[in-house]
Structures are given as C-alpha cells and as structure tokens.
Amino acid sequence: METPRSQQAFLDAHISGKSTKSHPIGDFKDNIDIAGVNIGSDEINSLTEENDYIDGAILDAFMRLLNCKEGTKCISTNFFHSLSMHGWTESLQDETLQMLEGSTDWPVLLIPIYTTLPNHWTLVVRQESESREGSFDFFFLDSLHNGNDRRSQSVKNLFLSTDLFEQSRNDTWKMITTTHQHGVDCGAHVCLFSYLANEDPKDLQTIFEDDPYRRRFSPGQLRGWITSVILGRRMLKPPLPD
C-alpha cells in the first residue's frame, strides 16, 4: 500500500532528521491501516507529541511490524487492559488463544502492559528457562523504576489469576529497570525493549548494564524512530542514545 503524500512528507522529515520535536499532524483526514491496525491522527499525534503517552494502537502496530523471529509471539495491548478491567473472561480467553494460534508453549512471549496510577507502559517478556527444563523466566522491563517492585508484583498477580499462566506460579520473575526515560516516553521504551527482546532475549539481563543503553536518549529520538517505522510500514534498526 502506498503511503499518502502528506504522511510521506512527514515521514521524510523525520528520516532526514529535520524534525525531532513535537509535530502534530492533525491534517490527516482518513485513518490508515498499519499492519492490520487502524491508525488515525489522534494515535499518530500521541506518538509525535512529546508530552503525550503513546496510544496502544501504535504499540500494536509496531509489534506487528516487528517480524518476530521463529518461536516469538507478541500479545496485543488489549490482553492486559481487558484482564485488569474485567478479569479472565471467556471472551478474553478466546481472543488470547487466537493470538497465540492455539498454543501457550511459545518459547518467547512479548506482552506490553499499561497500568494506571500512574499511567505507565512496561513490557513483560516470558522466555524458556535455560537452567530449569520445562519452566519459564519472566522479565519485567520498566523504564521508570521508582525503587520498589509493587508495580511488577501487581502485574504478576494478575497473570497468575489466569489459567494461561497459573502453571508459572513457581517460575522466576525478574525486574530489569532503566533510568533513561524522558518525560512520558515509557511507551517508546516498550518498543525499544520489544525490538531488543526479539533480536536476542537471552541478553536482556545484561544489555542495559553496559553502554550504549546506560546513556539517555535525547528528547524525540525514540519517537522519531517509531514514527519512521509506523508510517514507513517497515522495521528499522533503533538509534543509539546520543
């Protein structure tokens, strides 16, 4: 599908580096289909406005463009939203099993999490354990760690309330935190976390301990990358922190 001219001009500006500041694009008249996700000007503006939280539809589109490696599966943002709002309903069970293509034994699952009080995006990565056969390790990746794990514990408890993850009660749950977030860039970091986990989930424990990811991204740097991915409908290698 060809990218409309107004969107292509905006995309070109980001790729050329001419615009890294907030750049609302309310002149988009029609919604566009990005990898099967309906994206409109409100969703795009949530990405390009540096003081907005990124809309879940942007994360869903990014996940679908991720070209997950064999054995890796992305779960939509609706999974945790519905679980936290309504519990493990029959409709959510059916929807989740459809996303998982009928199998819960994927070696790697990427699960974006949106919580309130405060509003915040994080990522849960479930992967096969290398040390314990038949078990999984859960990694809770948070770009705004506040010194305690109450947020991860509440997410874990909700996971264990489902028959999808109840067998993981004794599995390992580890936190990986960074302090690189600019303002409300937690959603942008979830995209970065997802990209890195898809490339090599075994490196998750160490990748944020060393350069370059110990450095902060400049304002707009990650959002410009994600905008190029979304409007270009293709995955690109992420930038490194300045």
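**Sheet, pocket and two positive phi values**

Strand E6, which covers residues 136-142, runs parallel to E7, and the two are paired through 6 bridges. Before I go further, let me say that what you have in front of you is a predicted model, and that everything I describe was computed from it. Staying with this pair of strands for a moment, Asp-142 has Thr-177 of E7 as its bridge partner.

Let me now widen the view to the sheet as a whole. E6 and E7 belong to an open sheet of 5 strands, in which the order is E3-E4-E5-E6-E7 and the pairing is mixed. At the edges we find E3 and E7, the latter being residues 172-177, and each of these two strands pairs on one side only. If we ignore direction, neighbouring strands in this sheet are turned against each other by 20° on average. Helix H3 packs on the sheet, where it touches E3, E4 and E5, the last of these spanning residues 120-128, and the direction of H3 makes about 30° with that of E5.

H3 and E3 bring us to the pocket. Which elements give two or more residues to the lining of the largest pocket? They are helix H3, at 56-64, strand E3, at 72-74, and helix H5, at 90-99. The volume of this largest pocket is about 250 Å³. Its lining is made up of Asp-60, Met-63, Arg-64, Cys-68, Thr-72, Lys-73, Cys-74, Ile-75, Ser-76, Glu-95 and Met-99. By residue class, that lining divides into 5 nonpolar, 2 polar and 4 charged residues.

I would like to finish with the backbone, and with two residues in loops. As a reminder, most residues other than glycine have a negative phi. Asn-67, however, which sits in the loop between H3 and E3, has a positive phi of about 55° although it is not a glycine. Is Asn-67 buried or exposed? Its relative accessible area is 58%, and because exposed means over 50%, Asn-67 counts as exposed.

The second case is Glu-101, which lies in the loop that leads from H5 to strand E4, residues 108-115. Here again we have a residue other than glycine with a positive phi, in this case near 55°. Glu-101 has a relative accessibility of 56%, and therefore it too is classed as exposed.

To draw these parts together, H3 packs on the sheet, H3 also gives residues to the lining of the largest pocket, and the loop between H3 and E3 is where Asn-67 is found.

Notes:
Residues are numbered from 1 along each chain as its sequence is written. This is a predicted model: local features need pLDDT of at least 70, side-chain atom pairs count only at pLDDT 80 or more; totals for chains, interfaces and linings use all residues. Side-chain values use heavy atoms; hydrogens and water are left out. On a 1 Å grid over the protein atoms alone, a cavity is a set of points where a 1.4 Å probe fits but cannot get out, and a pocket is an open set with protein on both sides within 12 Å along at least five of seven lines; lining residues have an atom within 4 Å of a point. Grid points are joined across faces, edges and corners, and a volume is the space filled by probe spheres set on the points. Helices (H or I, at least four residues) and strands (E, at least two) are DSSP runs, numbered from the N terminus. Ala, Val, Leu, Ile, Met, Phe, Trp, Tyr, Cys and Pro count as nonpolar, Asp, Glu, Lys and Arg as charged, and the others, Gly among them, as polar. Buried means under 20% relative accessible area, exposed over 50%, partly exposed in between (1.4 Å probe, protein chains only). Two strands pair if DSSP finds at least two bridges between them. Axes are lines fitted to C-alpha atoms, for helices over the stretch in contact, and angles run from 0 to 180 degrees between N-to-C directions. Contact means heavy atoms within 4.5 Å.
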